[in-house]
Amino acid sequence: MRAALLHRYGQSPRIEQTEVPHPGANESLVEVAAAAVGHLDVTIASGRFSVPPRLPHIGGTDAVGTIVESDRFEPGVRVLVRGGGVGVNRPGCWAEYVAAPDTALMELPRSLPPAAAATFLSPSTSGYLAVTGVARITPGERVLVTGASGAVGAASGQFALHAGAASVTGLVSTHAKAATLPQGVEPLVSSPDVLDRLASKPMFDVLIDTVGGQQLASLLGGVVPGGRAVLIGYTRGEAVSLDLPNFLLHDVALLPLNMMRRREEQASLVPMMCDLITSGRLALPVHEFALHELPSALDALRNGHVNGRAAVVL
């Protein structure tokens, strides 16, 4: 089978021929149709992951495919591959076949195209729970979403509109990204002047922040006293400094979204998310690459050139 093998950390994987894996006890063999390319994959390939895998390594933590051999699932069943160490401490999904623990497999309907099926779970459910389970947005509220052209940001903006928000503003880094925002989300291109204006004039009831970093302190100033800020990601930085006297005076609630604690709830949302995407009520951008283009996909992700998710289609 063809697979993308990483032979040295910090270098691009190479597409090579290797043996089809043999599933062990309580495992299934899955023929991969499409596999996600995400920030965790980039971290693992760099060697900076806390528990780096042994080399050579096949990356890819998420995929969609069809059961070939299994004691639990019938052959031909479509499944999502996610978890169980796949792509982390055992061979992953950037291959024509993957052997995965049965506990890492979830049946999926065939209504979604392969690239969408491989990438929808995390952004759609994160956006939904940020809006409905954490921020609890109500009709008439004004919402600001950072990283609004990304997958989680795009989902959050759309779910805020579904919840009846009076306005949803999407903060993005470039005019090109502003043009990709979902319908109904008002674009706002970030700049030092824009951040200064936001910090000095509270006008939003809710902030959904998907990027983190030092700009978060300015963005909190744009939330009205008594408002809420949902914190989801930190692609722009892992640390933020707050002026505590002013922050306490401003009285904005900081609400983290921890998806690790919501796995059962996440799984229960799968049928609804699939229905929303299939019906066109939820649009999640996906950049598709062929398997031999995987190095380009990783570079695009590292350099911030992917709006939404990236996936390799086999």
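Here a student and a tutor talk through the domains and the cavity of this predicted model.

Student: What makes this a protein of two domains, and where do they run?
Tutor: The bounds come from an automatic or database domain assignment. Domain 1 covers 2-119 + 284-313, and domain 2 covers 123-260. Their C-alpha centres lie 30 Å apart.

Student: How do you know that domain 1 and domain 2 are in contact?
Tutor: Contact requires heavy atoms within 4.5 Å. Eight residues of domain 1 meet that cut-off with ten residues of domain 2, so the two are in contact.

Student: How much area do domain 1 and domain 2 bury between them, and which residues of domain 1 supply most of its part?
Tutor: About 620 Å² is buried, with 64% of it on carbon and sulfur atoms. On the domain 1 side, Leu284, Asn307 and Gly308 supply 63% of the area, more than any other three residues.

Student: Why is the count of salt bridges between domain 1 and domain 2 zero?
Tutor: A salt bridge needs a side-chain nitrogen of Lys or Arg within 4 Å of a carboxyl oxygen of Asp or Glu. No pair between the domains qualifies, so the count is zero. There is, however, one residue pair in polar contact. The touching side of domain 1 has two nonpolar, five polar and one charged residue.

Student: Why is the space beside Leu6 and Trp94 called a cavity?
Tutor: In a cavity, a 1.4 Å probe fits but cannot get out. The search finds one such space of 30 Å³ or more, and its volume is about 50 Å³. Its lining includes Leu6, Asp41, His57 and Trp94.

How values were computed
Residues numbered from 1 in each chain as written. Predicted model: local features only at pLDDT ≥ 70, side-chain atom pairs only at ≥ 80, totals over all residues. Heavy atoms only, no water. Buried area = accessible area lost by both parts, 1.4 Å probe. Polar contact = N/O pair within 3.5 Å; in protein donor to acceptor, adjacent residues only side chain to side chain. Nonpolar A, V, L, I, M, F, W, Y, C, P; charged D, E, K, R; others polar. 1 Å grid on protein atoms, 1.4 Å probe; cavity = no way out; pocket = protein on both sides within 12 Å on 5 of 7 lines; lining within 4 Å. Points joined across faces, edges and corners; volume = space filled by probe spheres on them.
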